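Please read this briefing alongside the sequence and the model. It covers the pocket, the cavities, the nonpolar cores, the cysteines and one buried side chain.

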Amino acid sequence: MLIPTIIPSLITNAELDDLMRIGFCYVKLPNENLVAKIQACIHIARNFFQYSTEEKEKWKLKETLKLGERYQGYVLRSQSKNTNAIEQIFFEPDAPFGPYEPYSHLIQEINESYMNLIFMPLISAIFKRLEFPYSNFIEATANPYSSLVFQCCPSTGEHKNTIRLNAHKDFGLLTVLFFEESGLEVKYQNDWRMIPPQEGCVVVNLGNAIELMTGKRCHSALHRVTNATDNRISMVYFINPNPRQPVRNYVDDTVIASTGELFFKQQFTEYYETDH
């Protein structure tokens, strides 16, 4: 399997077809300055995850949120009973949290680049390729909900290739991943294929929302993370449908969920009811 390396604004029909069939692609970042900003955020995460447990607990995710409070914080959790725990710190890009508060300018610049240089042109190209009306594109991309997750697979002394994140599909429209150590694998034609880091690129994968919106003409691929390296740090940027707007199948014009928020809850429930 050879996943395409693309520039979203210049993507060809052949590259689009590969992306929609495989569900993954590399996206060439526009300049070294953006790469440096992303690497700076990875460096902040690497330092944070080396803090003492007591220090990290100061940023712990609240168990109960008051009305209006954001879902953000630090957690140490296992994806399932079959995997070792991973560390995560997450927040919404418009409100950098914890160790990222002093670096809001970095987060905002990355957020704008991901939205304007990756998300919007890619979804536009997909909808044009499928000959959907422009109004469908406007509706599907109106005020999406985005979130950032920095995660670490701590060194545990395991053998290499032990599963750290079990096979899963992302819930949303599109996910942008940046990592500098191997470990990401995608299932393709019943085999697990490694997707190694590629210099100057991020990896993009399509989620369940875009698969269902396009009547499954786009593929949301199963993927997982192995223990390929110790203390693997990754930066994951999720783009989900507008939480207050219906999620539609634009092929047959049916409503998948009455709101994006309900869609996410349904996906989340189905995921955790699955035996991993």
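How do the residues of the lining of the largest pocket divide into nonpolar, polar and charged? They divide into 22 nonpolar, 14 polar and ten charged. The model is predicted. The pocket has a volume of about 1,500 Å³. Two cavities of 30 Å³ or more are also present, and the largest nonpolar core has 60 residues.

**Largest pocket**

- The lining of the largest pocket counts 46 residues.
- Nearest the pocket centre lie Y71, S147, N240, F264 and F268.
- Helix α7 (260-272) supplies at least two lining residues. In fact α7 gives the most, with seven residues.
- Strands β4 (86-91), β5 (145-153) and β6 (163-168) each supply at least two residues. So do β7, β11 (223-226) and β12 (232-240).

**Cavities**

- The largest cavity has a volume of about 40 Å³.
- Its lining consists of E139, A140, M213, P241, N242, Q245, P246 and V247.
- By class, that lining has five nonpolar residues, two polar and one charged.
- The second largest cavity holds about 30 Å³ of space.
- Y26, L177, F178, F179, P197, Q198, C201, V202 and V203 line this second cavity.
- Strands β7 (174-179) and β10 (201-206) each supply at least two of the residues lining the second cavity.
- Eight residues of the second lining are nonpolar, one is polar and none is charged.
- β7 thus appears in two linings: it supplies at least two residues to the largest pocket and at least two to the second largest cavity.

**Nonpolar cores**

- In soluble globular proteins, nonpolar side chains tend to be buried together.
- Within the largest core, the residues with the most contacts are Y114, F150, L174, V202 and M235.
- Helix α4 (residues 104-129) contributes the largest share of this core, twelve residues.
- Apart from this core lies another, of 18 residues, including Y26, L61, Y188 and I195.
- Beyond its neighbours within four places in sequence, Y114 is in contact with I38, F119, V176, F178, V202, M235 and Y237.
- Two of those partners, V202 and M235, are also listed among the core residues with the most contacts.
- V202 and F178, both in contact with Y114, also line the second largest cavity.
- Y26, a member of the 18-residue core, lines that second cavity too.

**Cysteines**

- How many disulfides does a search of the whole structure find? The search finds zero.
- C41 is not bonded to C152, because the closest cysteine sulfur to that of C41, in C152, is 16 Å away, too far for a bond.
- C152 has its closest cysteine sulfur in C153, at 6.7 Å, so that pair is also too far apart for a bond.
- For comparison with these distances, a disulfide needs sulfur atoms within 2.5 Å.
- C41 is buried, with a relative accessible area of 0%.
- C152 also counts as buried, at 4% relative accessibility.

**N136**

- N136 lies in helix α5 (residues 134-140).
- Is N136 buried or exposed? N136 counts as buried, because its relative accessibility is 14% and the cut-off for buried is under 20%.
- Not counting residues up to four places away in sequence, N136 touches F127 and Y250.

Definitions and conventions
Residues are numbered from 1 along each chain as its sequence is written. This is a predicted model: local features need pLDDT of at least 70, side-chain atom pairs count only at pLDDT 80 or more; totals for chains, interfaces and linings use all residues. Side-chain values use heavy atoms; hydrogens and water are left out. A nonpolar core is a set of buried Ala, Val, Leu, Ile, Met, Phe, Trp, Tyr and Cys residues joined through side-chain atoms within 4.5 Å. Buried means under 20% relative accessible area, exposed over 50%, partly exposed in between (1.4 Å probe, protein chains only). Helices (H or I, at least four residues) and strands (E, at least two) are DSSP runs, numbered from the N terminus. Contact means heavy atoms within 4.5 Å. On a 1 Å grid over the protein atoms alone, a cavity is a set of points where a 1.4 Å probe fits but cannot get out, and a pocket is an open set with protein on both sides within 12 Å along at least five of seven lines; lining residues have an atom within 4 Å of a point. Grid points are joined across faces, edges and corners, and a volume is the space filled by probe spheres set on the points. Ala, Val, Leu, Ile, Met, Phe, Trp, Tyr, Cys and Pro count as nonpolar, Asp, Glu, Lys and Arg as charged, and the others, Gly among them, as polar.
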